[in-house]
Structures are given as C-alpha cells and as structure tokens.
Amino acid sequence: MTSVFIHPKALVEADNIGSGTSVWAFAHIMAGVRIGKNCNIGDHCFVETGAVVGDNCTIKNGNMLWEGITLEDGVFVGPGVLFTNDRHPRSARLAQVHDRYSAKSNWLLATQIGRGAALGAGAIILAGVAIGEYATVGAGAVVTRSVPSYALVKGNPAAIGGWVCQCGQTLGFRGSSATCRNCGLRFAKKGSLVSAKG
Amino acid sequence: MTSVFIHPKALVEADNIGSGTSVWAFAHIMAGVRIGKNCNIGDHCFVETGAVVGDNCTIKNGNMLWEGITLEDGVFVGPGVLFTNDRHPRSARLAQVHDRYSAKSNWLLATQIGRGAALGAGAIILAGVAIGEYATVGAGAVVTRSVPSYALVKGNPAAIGGWVCQCGQTLGFRGSSATCRNCGLRFAKKGSLVSAKG
Amino acid sequence: MTSVFIHPKALVEADNIGSGTSVWAFAHIMAGVRIGKNCNIGDHCFVETGAVVGDNCTIKNGNMLWEGITLEDGVFVGPGVLFTNDRHPRSARLAQVHDRYSAKSNWLLATQIGRGAALGAGAIILAGVAIGEYATVGAGAVVTRSVPSYALVKGNPAAIGGWVCQCGQTLGFRGSSATCRNCGLRFAKKGSLVSAKG
C-alpha cells in the first residue's frame, strides 16, 4: 500500500488498496475490500466486505458500497448515491424471513457499474442491474432496469433521455451516427446499442 | 445493557438499548433514546432524543431518526432513508418563525412505522404519516400520505403499486383473496384493507 | 470565534465561523470555509473549501456543501439534501476528461440559495440554479431549473406547485393578491414574480 493516503479520522480495515488512492475523514473501509489505484473516496463513505472498486474511480462523499457492488475502472459516483443488494428487503431478524436470510444465494443480487460511467447525486440503483460503460445516470434517478452503454437516464423510474460521449458531452444522433462536438469521438447506434467507432 | 455491541468509533449517549443490539462506526445515539433488543444500527446513523425503536429492527447505514419517529418491531430501514418531523420547515433562527418554533406542539408531527414494514433505499417519509404493518416502501419513493398494511408503494409522490406478504413476496390477488406463493400465508382484501388470515 | 460550539467528535479546520454557531458530531468543516453567526450544522455534515454560509442557517444532518454553493441568511437545509457543482460529471481521473478538469472554469457552476429559503429532506439541487428567497423545495424534489422567490416546488423534475409565505404558510392567491392567514403578510404576483408588500 505504497502512497495510499488515509485520513487520520478514517477507519480502514482493508489491506488491498491501490497506490495513489485517498480515503477521507469518517470513511470506513471494511476488511477484505479491494480498491484499485488512484481512486478518491470521500468523507463518510462506507465500503463493505465484498464490494470491488476498480482504478481511477471518484467516489464522492456519503456513499455506501455493499457486498455485490462492483465498480469498473473510471467510475464516478456522485454524492449520496444509493446502491442496494436485495430486491425484497425485510429485517433479517423477523421470524418470517429467517429461511430467506439463512443463505446469501436467496437474496443477494450483484450490481455492476461499467467503465467510465457516472452516477449523479442521489441516484438510486436497484439490486441486480448493470450500468453500461460511459453511461450517465442523472441526479435523483431511480434505476430499476439495466442501462445500456453511453445512455443518459433520468426520472423515477429512470428512462433513457439521450446519449453521452465518453467525455460526458451529450450526443446528437443523425440517424445512426453521431460525432461528439467536444472531443470528436464518433459513434454508431443500432436500436439501443451504441458503440464508439475506432 | 448486557451484550450490547457498541463499535469503538460510535458515540452512544443513551442507556436504554436492548440486549443483542449492535451500533456501528460513526453512529450517534443521543441520550434518552429507547432502542429494543436484537437490532442492528449501521455506520453513520443518527438517533435523536425522542425517537423510539422496537425489537429486531435493521437500520442500514446513514439513517437519521428524529424526535417523533417510532419504529415498531421488526422494521427494515434501508440505506439513506429520510424521515422528517415538520411539514413546513424554515430555519428556526428566522425572526418570522420565532413563535412557531417556540413550542413543539406548533410544528412537530409524529411518524409511525408499523411492525415488519420495510423502507427501501432513499425513501422519503413526510412528517405525520403512518406506514402500516408489513408494508413496503419502494426505493426512492416519496411518501406523502399514510400507507395501508401490506401495501407496496413507489414513485414520487408514492402510490400503491401492489401488495406484499409478511415474508416480502409480492401477492397476486384473485378477487379478494391471495395466498403467498413463497410462504403460504393467506390474505383477504376489502378495498385497501388487507389482512392475514389466521 | 467567541462562543462557537464545536462538538469534540467534529473536525473543524476553518477559522471563520460566526459566534453562536454550533457544529455537531462527525461533521467536517474544511479550511477556508466561511460560516455566519448563529447557525446550526448537524452531525455528519461536510462543508468544502469555497462554500459560503450566511447567518441564522439551519443545516440538518448529513449535508454536503461543495465549493460553489452559497447559502444566504436564514436558509433551512433539511436532512440529506444533495447539492452538486458539475452538470456533466465524470471521474476526473479518466484520460478522456483530463482537459476538462484541468481548470475549474470548465466545469464548476455556482448555486445560490436565497435568504430564508427551505430545502426539504432529500431534495437534489442541480448545479447552476438559483433558489429565490423564501422559496420552499419539497422533500425529494429534483431541482433542474431556477426557482422564483416564494415558490413551492416539488416532484422529479421539480415544478411549481404553489406559493409560500416567509413564515412557511401556503399562500392562496385571489387574482394577483394574497394575504398570509398565519402572519398577515401581504403579497402581489405578476406572472411568476411574487413579492411581499411593505
């Protein structure tokens, strides 16, 4: 863990944190978590055993990454985003759900956030969805279904409202083609499948 | 307070916490709070003097329970749920509201969460509502009115979108009857009044 | 900083905090922040260098005030409100956005919250908007555009749903005039421009 910065008010129990990563005040990283290189993890975050964070991720303050959540490289998690890992939660201490919570395979759903995606402030990501690479989830969106790569989704429940470049710029498609007016990257679209050209 | 677990980074000023309950890092429980047995209170929670928590509740991280909030037994509070206790908030330090905030009876509304209910991630519960027993509030729902027992509500503002069993399973009513396909519990419905049979 | 209360579990690096202000447990105020007199800053708040807070503000728990956010005097920030300062966020560590994040002028948008305004629990305020004085943002509203003074907005995205007095009471306009039935203050309306008389 060369050159990892851990704020003196943070609580870090993990030993698998990449170089160049910073963990800020009142954040708590549990044992067994794997965090990549060059990430920034803001104040008051919580990362649970079983969560996985790639390289170059920016995790703003107040986020909680549960077991089952994987962030690929370069993901942005805005302030106060909420992940979940159970679609039918009850207090596990209720007698009626004792069997369900006796094995993780009964309730735990994995959530995957693709490379370079951005999750806006207060977005809520339901358990079991996949967010495609470079997709953007608008602030306050409630994501109940998987999101294709490069899509912009917003609303409650979230719906596709446009498309975005790897650099974050909104894309204007003419037919099946678009060129980013900011960085010049070109895209092709077939249905809801958008891909970058070359 | 036999066998209460208090994380060394938590701040617990209350002395009325039931046995088997755990309080995790960076959580703050104020003096005078009453918390039942066998609860779990996650990191970064705040429980204010005047809040009441029953037995067997699961309170995920980052929750704030204000004066006026009561959780009955077996409630699940997902991550980042927001309770409130004032329908017309202003900064109490404004001259224009000095009178209003001079007495709690002018502004404080109680909120009751019924036995076994589940509040999904980021749900917002407006002051003064009651959530019926075993109801489920979907992630990101903004609850502006009371919710009947066994109802599933979602959206902003929240509306009834279905019914759920005590075990969390969605119920499919045929006419006025339903049987849970998971646990077999049977239900009767009259209008928006659902009850479990025997 | 005469008579500033700083909870022993808070982390305050700023030295420009007005008298009568309290900062509660697990809150973090960064160096260079300016906070006025007689404010209350709840547990688990984070105030970033560059944020400005006026006098008599009530900032409930779990709020994060970023660079670019200004609260005028007498603002109420409910629990878990989310501010933002970038409309097209990506992880600044991505190669594709290296240029954009090399200068704040490329991405940082200021947000102004007017005197006496109230932001309900879990409201989300998009970067670059202005909230007029004494406006009220309903709990869970996602504010994507500026809000006029005295307006009440709610929903996702937020829309005007009524008008409120300085004291928080809902106003009923008859034609272009309204008198608050709580405090007697009188108002005139022209289009979406509401002003208090005398």
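B:Lys104 makes a good starting point: at 45% relative accessibility, this residue counts as partly exposed. The model you are looking at is a predicted one, so every value here is computed from predicted coordinates. The side chain of B:Lys104 meets that of B:Glu67 in a salt bridge, with 2.9 Å from N to O. The two partners come from distant parts of the chain: B:Lys104 sits in the loop between strand 14 (82–83) and strand 15 (111–113) of chain B, while B:Glu67 sits in the loop between strand 11 (64–65) and strand 12 (69–71) of chain B, and 37 residues separate them. Side chains of opposite charge can pair when their charged atoms come close.

How many salt bridges does the rule count over all chains? The count comes to 9. Two further pairs are worth visiting in chain A. A:Asp86 and A:Arg100 join their side chains in a salt bridge at 3.0 Å, N to O. Both residues belong to the loop between strand 14 (82–83) and strand 15 (111–113) of chain A, 14 residues apart, and the pair links distant parts of the chain. Are these two partners buried or exposed? A:Asp86 counts as buried because its relative accessibility is 12%, under the cut-off of 20%. A:Arg100 is buried too, with a relative accessible area of 18%.

The other pair in chain A brings the side chains of A:Arg115 and A:Glu133 into a salt bridge at 2.9 Å, N to O. A:Arg115 lies in the loop between strand 15 and strand 16 (118–119) of chain A, and A:Glu133 lies in the loop between strand 18 (130–131) and strand 19 (136–137) of chain A, so this salt bridge ties together parts that are 18 residues apart in sequence. Here the partners are partly exposed: A:Arg115 has a relative accessibility of 38%, and A:Glu133 has a relative accessible area of 25%.

Now let us turn to the strands. Chain A holds an open sheet of 10 strands in the order 1-4-7-10-13-16-19-21-22-23, with mixed pairing. At its edges are strand 1 (5–6) and strand 23 (170–171) of chain A, each of which pairs on one side only. Inside that order, strand 4 (residues 22–23) and strand 7 (residues 40–41) of chain A pair in the parallel sense over 2 bridges. One of the matched positions is A:Ser22, whose bridge partner in strand 7 of chain A is A:Asn40.

Chain C offers an open sheet of 6 strands, ordered 3-6-9-12-15-18, and its pairing is parallel. The edge strands in this case are strand 3 (16–17) and strand 18 (130–131) of chain C, each pairing on one side only. Strand 9 (residues 52–53) and strand 12 (residues 69–71) of chain C run parallel and are joined by 2 bridges. Following one of those matches, C:Val53 has C:Leu71 as its bridge partner in strand 12 of chain C.

For an antiparallel pairing, look at chain B, where strand 25 (residues 186–190) and strand 26 (residues 193–196) pair over 4 bridges. These two strands form a hairpin with 2 residues between them, and B:Gly191 in the turn has a positive phi of about 60°. Across the hairpin, B:Phe187 finds its bridge partner in B:Ala196 of strand 26 of chain B.

Staying in chain B, B:Ala118 is found in strand 16 (residues 118–119). B:Ala118 is buried, with a relative accessible area of 1%. Leaving aside neighbours within four places in sequence, the contacts of B:Ala118 include A:Pro89 and A:Arg90 from chain A, and B:Phe76, B:Ala135, B:Thr136 and B:Val137 from chain B. B:Arg100 is 18 residues from B:Ala118 in sequence, yet the two lie 33 Å apart in space, C-alpha to C-alpha.

Finally, how do chain B and chain C relate? A turn of 120° and a shift of 0.0 Å along the axis lay chain B on chain C with an RMSD of 0.0 Å. That is the relation of a three-fold axis. The copies use different surfaces, and 15% of the contact residues of chain B recur in chain C. The contact takes 27 residues from chain B and 38 residues from chain C. Between them the two chains bury about 2300 Å², 60% of it on carbon and sulfur atoms. On the side of chain B, B:Arg90, B:Arg93 and B:Gln96 lose the most area to chain C, together 30% of what that side buries. The count of salt bridges between chain B and chain C is 0, whereas the rule finds 14 residue pairs in polar contact across this interface.

Conventions: Residues are numbered from 1 along each chain as its sequence is written. Chains are lettered from A and ligands numbered from 1 in the order in which they are written. This is a predicted model: local features need pLDDT of at least 70, side-chain atom pairs count only at pLDDT 80 or more; totals for chains, interfaces and linings use all residues. Side-chain values use heavy atoms; hydrogens and water are left out. Two strands pair if DSSP finds at least two bridges between them. Copies are superposed by least squares on the C-alpha atoms of residues with pLDDT of at least 70 in both. Contact means heavy atoms within 4.5 Å. Buried means under 20% relative accessible area, exposed over 50%, partly exposed in between (1.4 Å probe, protein chains only). Buried area is the accessible area (1.4 Å probe) that two parts lose on being put together, summed over both. A salt bridge is a side-chain nitrogen of Lys or Arg within 4 Å of a carboxyl oxygen of Asp or Glu. A polar contact is a pair of N or O atoms within 3.5 Å; within protein, one must be able to donate a hydrogen and the other to accept it, and residues adjacent in sequence count only if both atoms are side-chain atoms.
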